[in-house]
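This report looks at two topics in turn: the surroundings of a bound ligand, and the packing of a pair of helices. Please keep the structure in view while reading.

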Amino acid sequence: MIAKTLKLHQFRNVSDAEISFSEGVNVLYGDNAEGKTNLLEALYYASIGKSFRGQHVNELVRFGTNEAQISLDYNSCGRDQNIKIQFFDGRVRTVEKNRVKIPRMSELVGSFKAVLFCPEHLSLIKDGPAERRQFLDIAISALEPAYLAALQRYNRILKQRNTLLKSAEKNPADFKDTVDIWSQQLAREGAYIAKSRERYVKRASFYVEECFADMTGTREKPSLVYHGCGGKELDTYGDVQKTEVVLYKRLSENHEREIGAGATLYGIHKDDVEVYLNERAARIYCSQGQQRSLALALKIAEAELCREDCGEYPVLLFDDVLSELDENRRNYLLQKIKGKQVILTTCEKEEFLATHRIFVKGGIYQAETE
Ligand code: ATP
Ligand code: MG
């Protein structure tokens, strides 16, 4: 996967820009608040169909205007492609792939493959399960379009079922009539999602272990354990049909508790992936440095699995990452990125083996001539 040219119009602090990238290491350098992360945000938006910062489209549109545009030329497996996203009045107006409109943003996901590394990824290890679920959802959606569709259906059903649970005391007859339909559907979608997540975690484990050993040179052994559907006791649920049966059983046997809570208490929205180092929970016992290495290893695993499934590496986007690393980890990463396209941001001008440097000031991107 190669990002070739990005065109931005009224995006964040950029009025109009056309930025070309080389196939190696592209370094965006400049002072704070000039527009380095904004560019990575636009690239990653074209990859996952949303921002890794704010939730609202309004924030992406340049102050004082109400429309913006991202257009990306990229090459995937030898074929030139284009993605164009237009924002208007606080929402996405149109999404086009190769000049053809596509009805839903979700159909774009997985076209331009990129993996983002940023300092906030430490939260993958430190914070609660929601961060890790989101990591899995983004990573798997890029590889498996059916996964994203199932996830969207699951979330819709979950919302409906939660509304039903909240009104159950007022409308018991209504509840009795419909709850089972929602439970069945939730179990079906949930089982598929759970199995995909379980498979992904197993595959990622291999790379996390390998990266961690290479990077830190220690004998400490990381492991990832998937806890499905809100409880360790449900881990061994077997194949997808068996998982569906187990989940459905949970959902039909606990109505009273769920009505009390006013929410669905079982399902993949409660999943977690526990990260361990030498069988101890990394979240609790690891040092900051160990946590950083684990987070980095998880992202490298994401890139490796993308390469396994798609036959080429995704574009690697590094936001302020290298300056945070100690020498060992930095060297490891620099050796790891050889031969891949990297687009990275930094405040320092003198930074390692750039093949292409772009100076960023006030939303203007100036390529440095050699
Ligand atoms: P740092 O080195 O501090 O991370 P950066 O170069 O990565 O800086 P960006 O995050 O890209 O900086 O942001 C650059 C500027 O964009 C900021 O000054 C911010 O206020 C501005 N900005 C953010 N959203 C908008 C918007 N919608 N319209 C105009 N400017 C915006
Ligand atoms: Mg930044």
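The oxygen atoms of ligand 1 in this predicted model have polar partners in the protein, and the table lists three of these pairs with the distance for each.

| Residue | Part of the residue | Distance to an oxygen atom of ligand 1 |
|---|---|---|
| Ala-33 | polar backbone atom | 2.7 Å |
| Lys-36 | N or O atom in the side chain | 2.8 Å |
| Asn-38 | backbone N or O atom | 2.9 Å |

When ligand 1 is taken alone it exposes 660 Å², and the protein buries 76% of that area. The shell around ligand 1 is made up of 17 residues, and the closest of them are Ala-33, Lys-36, Thr-37, Asn-38 and Val-61. Helix α1, which spans residues 36-48, gives the largest share of this shell, namely three residues. Sorted by class, the shell holds eight charged residues, five polar ones and four nonpolar ones.

The second topic is a pair of helices. Helix α6 (residues 172-216) packs with helix α11 (residues 327-336) at an angle of about 125°, and their axes lie 8 Å apart. How are α6 and α11 oriented relative to each other? An angle over 145 degrees would count as roughly antiparallel and one of 65 to 115 as roughly perpendicular, whereas the angle here is about 125°, and α6 and α11 are therefore oblique to each other.

On the α6 side, the residues that meet the partner helix are Cys-211, Asp-214 and Met-215, while α11 contributes Asn-328, Arg-329 and Tyr-332. By class, this contact of α6 with α11 has three nonpolar residues, two charged residues and one polar residue.

How values were computed: Residues numbered from 1 in each chain as written. Chains lettered and ligands numbered in written order. Predicted model: local features only at pLDDT ≥ 70, side-chain atom pairs only at ≥ 80, totals over all residues. Heavy atoms only, no water. Near = heavy atom within 4 Å. Polar contact = N/O pair within 3.5 Å; in protein donor to acceptor, adjacent residues only side chain to side chain. Areas by Shrake-Rupley, 256 points an atom, 1.4 Å probe, with all protein chains shown as cover. Helix = DSSP H or I, 4+ residues; strand = E, 2+ residues; numbered from the N terminus. Nonpolar A, V, L, I, M, F, W, Y, C, P; charged D, E, K, R; others polar. Axes fitted to C-alpha atoms, helices over the stretch in contact; angles between N-to-C directions. Parallel < 35°, antiparallel > 145°, perpendicular 65-115°, else oblique. Contact = heavy atoms within 4.5 Å.
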